[in-house]
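Biologist: Can you walk me through this one? I'd like to start with how the chains meet, then look at rings and charges.

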Amino acid sequence: MSSQLASIYRDLKRAFEARPSDLKKCGQLLAKLKVGLIEAGLLVPQPGANLDDLVVARDILEIGAFASIRAKDIPSFDRYFSQLQTFYNDYGSSLPPSPNEYPIRGLNLIRLLTQNRIADFHTTLESLPLRADSISSNPYISHPVNLERWLMEGSYSKVWNAREEAPKEEYRFFVDSLMGTIRNEIASCEEAAYASLPLKDAATLLFFTTQSELLKFAQERKWQVNLVAGTITFTKKGEERAEIPKEKLISSSLAYARELEMIV
Amino acid sequence: MTDVEMKQDDKAEDKKSQEEKEKATPPPPPPSPTAEIKSNIALIERAVATIEPRYTLRVLRTLTALRKKLDDKVLQDAIEDVYPKDSAVKKALLSWLPEASAVDHSMDVDAAPTQSTPITSDPVPECEIYLRLLLIHHLLTSQSTYPKALELAQETVAKMQVLNRRSMDPLAARVWYAVERTYELAGELADARPLFLAAQRTASLRHDDETQASLINRLLRSYLHYSLYDQADKLVSKTTFPASASNAQYARYHYFIGRIKMVQLNYSAAHANLQQAIRRAPPPKVAPGFYQAVHKLFVVVELLMGDIPDRALFRHPVLEKALEGYFEIVKAVRTGSLSQFQTTLSKHAALFEADKTYTLIVRLRQNVIKTGIRRLSLSYSRISLRDICVKLHLDSEEDAEYIVGKAIRDGVIEGRIVHEKGWMECGGQKSGYGPEVAEVFQRRIGYCLELHNQSVKAMRYPLNAHRKELAAAEGAREREKELAKEIQEGGDLDDDEPLGDGF
């Protein structure tokens with residue numbers, strides 16, 4: 001690794017560790033470093049590379065991943081994460097373990113959760129190099145795992161309460177979008193489960209602190225709000241759908257005819 | 001060329017059988033392993049000569065049983081007998097066996113006269129590969145010879161690639177299995193992956209269906225062993241599993257796909273695949289391990305889909321013991337008791353961990369809750385959220401409200417929550433008729449049709465069997481022609497006669 005690269009790396013570390021970190025400078029330095037890494041053949045590690053250099057390359061990518069989350073740039077985080085996978089999976093046995101590995105893996109899990117990619121979430125979880133019973137003892141991983149479980153069960157209040165218990169600062173950046181997902185989930189449940197709901201209770205159920213927020217949300221979801229009585233009425237969607245699914249029937253009948261023809 | 005060889009062999013065999021007939025006063029009921037190998041070699045030769053893979057398959061079917069009877073001496077004798085005295089192949093093959101057993105040869109005096117007819121030429125290369133396959137399996141029986149087995153496996157693979165003979169395909173598929181086993185026992189399964197990938201490409205270029213099927217399964221297994229579900233999924237989507245693959249390969253393939261789909265939460269697809277795997281698997285007594293592994297997944301996937309597996313499954317002699325832990329989980333899910341579920345889960349955690357089903361079973365928690373709510377909604381027309389909370393061991397009333405709300409939205413129960421009074425009112429059950437009924441019927445009909453089509457596909461049509469029929473048809477046509485001729489000719493002479501005779 002050239003000395004120039006090393007000096008930029010030190011600059012990057014300084015910029016990242018400053019409080020609050022200088023995201024703009026980080027971005028510029030990262031761009032330079034990535035070019036440097038490619039020239040040194042370290043971005044996608046080649047066999048026979050110096051292990052110390054690889055550790056530095058991994059550090060740079062990890063800082064990149066954290067910085068892009070702080071800058072709320074999810075696609076960029078995605079890219080850093082897939083580059084890091086080589087270091088974590090294929091070089092996991094030869095490199096010393098990184099203290100940032102599980103935080104980043106956990107962040108990736110939360111990201112999948114907020115994007116409602118549950119299938120990917122489980123695939124990623126399954127391929128973690130962890131024993132299944134040690135998941136609960138790893139705070140970075142158990143946090144998203146618990147969130148997912150509560151979301152699937154419908155224990156939304158637990159999710160709401162857990163939002164402050166993030167194991168690392170970066171996890172909070174996902175809280176907002178996660179709350180958006182939860183509110184929409186709750187709203188769709190309410191539409192199905194209640195005939196009407198007092199405004200005050202609706203606000204607590206949806207975790208709104210002020211009425212104006214609730215009213216704005218109600219408007220988005222096209223709820224009927226009766227301000228005088230102080231209630232929200234949910235219109236039942238598709239109460240009676242006695243319609244005959246014509247196309248489905250036709251296509252299945254055709255399929256039967258074809259199969260019969262094949263048999264006879 | 002082959003014809004000549006064949007004749008020689010026939011002669012040799014004839015002589016042998018004559019001699020045997022002369023000698024055969026005490027007929028040995030089970031043939032000795034050496035004799036079995038020799039007869040297998042003869043079968044392989046016939047398979048190659050007649051281009052009929054059926055014979056090779058017959059040989060391979062005995063492989064599992066034969067594998068257990070192998071030892072140094074059996075293999076040595078077999079190789080000595082099959083190859084002519086100064087064959088290079090023979091020396092190469094024998095070099096893999098320890099020398100020590102050569103001393104035993106003196107005891108074999110009465111076996112020696114049988115091979116008095118000298119074999120002049122090497123048998124077909126398929127036989128060599130077969131013997132190599134047996135050698136690998138033999139070397140794998142003891143830990144000290146693993147490195148040797150690995151070396152032999154690599155050499156065999158290289159040899160197969162160079163020979164490139166289609167009549168070798170079924171054997172090659174088995175060799176690949178042995179190669180995987182070698183790498184796995186040597187603890188280097190991941191290192192074998194590039195080799196498999198390259199071979200898979202070659203096999204698909206050569207339309208070598210047997211090998212391709214075997215290799216796809218090898219790769220999937222290797223990916224799943226390291227929990228690389230993403231890569232496995234990509235491999236499945238990028239390859240087409242050859243339709244002519246054998247049942248055993250299909251069963252494995254379906255099992256792997258079922259596993260992948262299950263992790264991806266695509267339970268109905270996983271269910272369908274596992275069902276296929278069960279149907280295609282060899283009988284439970286023959287391959288109990290596979291049968292148990294598939295059923296473990298099958299039980300979990302049924303539970304995840306909200307179904308309760310059949311009670312009879314857990315009484316099956318092969319499954320009863322293996323599925324014990326799963327049976328307790330099923331009981332917990334069925335009663336909808338969260339506490340029972342948790343205790344069972346922690347009690348059998350090690351078992352589930354070993355089966356790699358732990359994370360899947362953890363997902364069942366929400367199903368347990370749903371079942372619980374469903375039971376409550378069926379038995380009460382109105383129940384307070386407080387009671388739901390107590391009965392289902394939920395943490396707070398607030399949770400209960402959200403959970404019930406979600407259950408209503410997901411269509412688990414019919415009903416609504418009255419927030420002001422703090423209770424849940426359960427609506428009446430849906431009438432049994434509607435579009436859902438048609439859907440259920442459609443699913444069943446689809447299943448039956450699929451079964452029919454699969455069984456039609458599974459039928460075997462022996463090569464050239466239609467020739468006989470064709471010949472018969474040809475003969476009939478000939479006769480008809482003659483008849484027509486006669487009628488024509490006869491018609492001129494005499495009008496009444498031919499009709500009576502001809503028909």
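Modeller: What follows is a short chat about the contact between the chains, the aromatic rings and the salt bridges.

Modeller: This is a predicted model, so local features need pLDDT of at least 70, side-chain atom pairs count only at pLDDT 80 or more, and totals for chains, interfaces and linings use all residues. Residues are numbered from 1 along each chain as its sequence is written, chains are lettered from A and ligands numbered from 1 in the order in which they are written, and side-chain values use heavy atoms, with hydrogens and water left out.

Biologist: How many residues does each chain bring to the contact?

Modeller: Chain B brings 36 residues and chain A brings 41 residues. Contact means heavy atoms within 4.5 Å.

Biologist: And what area is buried between them?

Modeller: About 3800 Å², with carbon and sulfur atoms giving 57% of it. Buried area is the accessible area (1.4 Å probe) that two parts lose on being put together, summed over both.

Biologist: How many salt bridges cross the interface?

Modeller: The rule finds five between chain B and chain A. A salt bridge is a side-chain nitrogen of Lys or Arg within 4 Å of a carboxyl oxygen of Asp or Glu. One pair is Arg409(B) with Glu185(A), at 3.4 Å from N to O.

Biologist: Which elements of chain B give two or more residues to that side?

Modeller: Among them are helix 12 (229-238), helix 20 (365-379), helix 22 (397-409) and strand 2 (415-418). Helices (H or I, at least four residues) and strands (E, at least two) are DSSP runs, numbered from the N terminus. Helix 22 of chain B gives the most, with nine residues.

Biologist: How do the residues on that side divide?

Modeller: On the side of chain B that touches chain A, 13 are nonpolar, nine are polar and 14 are charged. Ala, Val, Leu, Ile, Met, Phe, Trp, Tyr, Cys and Pro count as nonpolar, Asp, Glu, Lys and Arg as charged, and the others, Gly among them, as polar.

Biologist: Let's switch to rings. How many aromatic pairs are there over all chains?

Modeller: The search finds 13. Rings of Phe, Tyr and Trp (its six-membered ring) pair if their centres lie within 6.5 Å; planes under 30 degrees apart count as stacked, over 60 as edge-to-face and the rest as tilted.

Biologist: Why does the pair of Trp160(A) and Phe207(A) count as stacked?

Modeller: The ring centres of Trp160(A) and Phe207(A) are 4.5 Å apart and the planes are at 5°, so the pair is stacked. Trp160(A) sits in helix 8 (residues 156-162) of chain A, and Phe207(A) in the loop between helix 10 (199-205) and helix 11 (211-220) of chain A, 47 residues apart.

Biologist: Are those two buried or exposed?

Modeller: Both Trp160(A) and Phe207(A) are buried. Buried means under 20% relative accessible area, exposed over 50%, partly exposed in between (1.4 Å probe, protein chains only).

Biologist: Which residues form one aromatic cluster?

Modeller: Tyr156(A), Trp160(A), Phe207(A) and Tyr402(B) do.

Biologist: What about Phe217(A) and Trp223(A)?

Modeller: Phe217(A) and Trp223(A) pair edge-to-face, at 5.9 Å centre to centre and 75° between the planes. Phe217(A) is buried at 10% relative accessible area, and Trp223(A) is buried at 9%.

Biologist: Back to charges. How many salt bridges does the structure hold over all chains?

Modeller: There are 22. In one of them, Arg365(B) and Glu153(A) have their closest N and O atoms 2.5 Å apart. Arg365(B) is in helix 20 of chain B and Glu153(A) in helix 7 (residues 139-153) of chain A, so the pair joins two chains. Arg365(B) and Glu153(A) are both buried.

Biologist: Where do Lys296(B) and Asp355(B) lie?

Modeller: Lys296(B) and Asp355(B) form a salt bridge, 3.3 Å from N to O. Lys296(B) lies in helix 15 (residues 288-304) of chain B and Asp355(B) in helix 18 (residues 349-355) of chain B, 59 residues apart. Both Lys296(B) and Asp355(B) are buried.

Biologist: Which residues do shared salt bridges join into one network?

Modeller: Glu180(B), Arg181(B), Glu184(B), Arg218(B) and Arg221(B). Arg181(B) and Glu184(B) meet at 3.6 Å, N to O. Arg181(B) is partly exposed at 32% relative accessible area, and Glu184(B) is partly exposed at 22%. Arg218(B) is in helix 11 (residues 209-225) of chain B and counts as buried at 2% relative accessibility.
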